[in-house]
Each structure stands twice: as structure tokens, then as C-alpha cells.
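Work through the exercises below with the sequence and the model at hand. Each task is followed by a solution in steps.

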Amino acid sequence: MSKYDPLWAYVKERDEYLLELTFEEAEKVLGFPVKGSLLTNKAELLQYGYEVVKLMKSEQVVIFRKLDT
């Protein structure tokens, strides 16, 4: 189990093709700061049917895309 599982489950639960989250929103789900650490853990997200399309550190936004299944 990863400390990011709650965020991945949240993304999957939203069930949107494209989902944009601010770092602040992600931190509320996780309960800890994310900063750029999503870059090193985003491969885990594939198990949930999503991928990180874009991570904008300066804007503190991450965009997820639902994979075709």
C-alpha cells in the first residue's frame, strides 16, 4: 500500500476523462504536502486506470487522464 493510494482512489472515484487538481486539493485528500513528489509516484496511478498528463509545479496543478480500457 502506498501513501498516495487515497489520492489515486479519489481520482478514480471522480471518473472524469480529464481531471485537474491543484496541489492544495491533493493535499486535502492526502493530509500531507505533495509538491513535486507526485512525479516519483505517478506510476502507481496506472493501476487505477489513470495517468498524469501534466504536472505544473509553478502553477501547482496536476492533470490526470483516464486510460482507455
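A nonpolar core is a set of buried Ala, Val, Leu, Ile, Met, Phe, Trp, Tyr and Cys residues joined through side-chain atoms within 4.5 Å. The model used here is predicted.

**Exercise 1. The core**

Find which residues have the most contacts inside the largest nonpolar core, and which helices and strands supply at least two residues of this core.

Solution.
- Step 1. The largest nonpolar core has 16 residues, and L7, V11, L21 and F64 have the most contacts inside it.
- Step 2. At least two residues of this core come from each of helix 1, strand 1 (18-22), helix 2 (23-30), strand 2 (50-56) and strand 3 (61-66).
- Step 3. Take F64 and set aside its neighbours within four places in sequence: its contacts include W8 and V11, as well as L18, L19 and L21. Y50, E51, V52 and V53 are also among the contacts of F64.
- Step 4. As a general background, nonpolar side chains tend to be buried together in soluble globular proteins.

**Exercise 2. The buried side of helix 1**

List the buried residues of helix 1 and work out how they are arranged around its axis.

Solution.
- Step 1. The buried residues of helix 1 are D5, L7, W8 and V11.
- Step 2. Viewed along the axis of helix 1, these buried residues lie within an arc of 165°, so they line one face of the helix.
- Step 3. D5 carries a charge that counts as negative, and D5 has no salt bridge although it is buried. K12, the nearest side chain of opposite charge, is 11 Å away.
- Step 4. A polar atom of the D5 side chain does lie 3.1 Å from the backbone nitrogen of S2.

**Exercise 3. Salt bridges**

State how many salt bridges the structure holds, then examine the partners of D15, E16 and K28.

Solution.
- Step 1. There are four salt bridges in the structure.
- Step 2. D15 follows just after helix 1 and has a positive phi of about 50°. Its side chain meets that of K66 in a salt bridge, 2.3 Å from N to O.
- Step 3. This pair links distant parts of the chain, 51 residues apart: D15 is in the loop between helix 1 and strand 1, and K66 is in strand 3.
- Step 4. E16 pairs with R14, with 3.0 Å between the closest N and O atoms. E16 is partly exposed at 30% relative accessible area, and R14 is partly exposed at 34%.
- Step 5. K28 pairs with E24 at 3.9 Å between the closest N and O atoms. Both lie in helix 2, four residues apart, about one turn of the helix. Exposed means over 50% relative accessible area, so K28 at 64% is exposed, and E24 at 53% is exposed too.

Note on methods: Residues are numbered from 1 along each chain as its sequence is written. This is a predicted model: local features need pLDDT of at least 70, side-chain atom pairs count only at pLDDT 80 or more; totals for chains, interfaces and linings use all residues. Side-chain values use heavy atoms; hydrogens and water are left out. Buried means under 20% relative accessible area, exposed over 50%, partly exposed in between (1.4 Å probe, protein chains only). A polar contact is a pair of N or O atoms within 3.5 Å; within protein, one must be able to donate a hydrogen and the other to accept it, and residues adjacent in sequence count only if both atoms are side-chain atoms. Contact means heavy atoms within 4.5 Å. The arc is that of the directions from the helix axis to the C-beta atoms.
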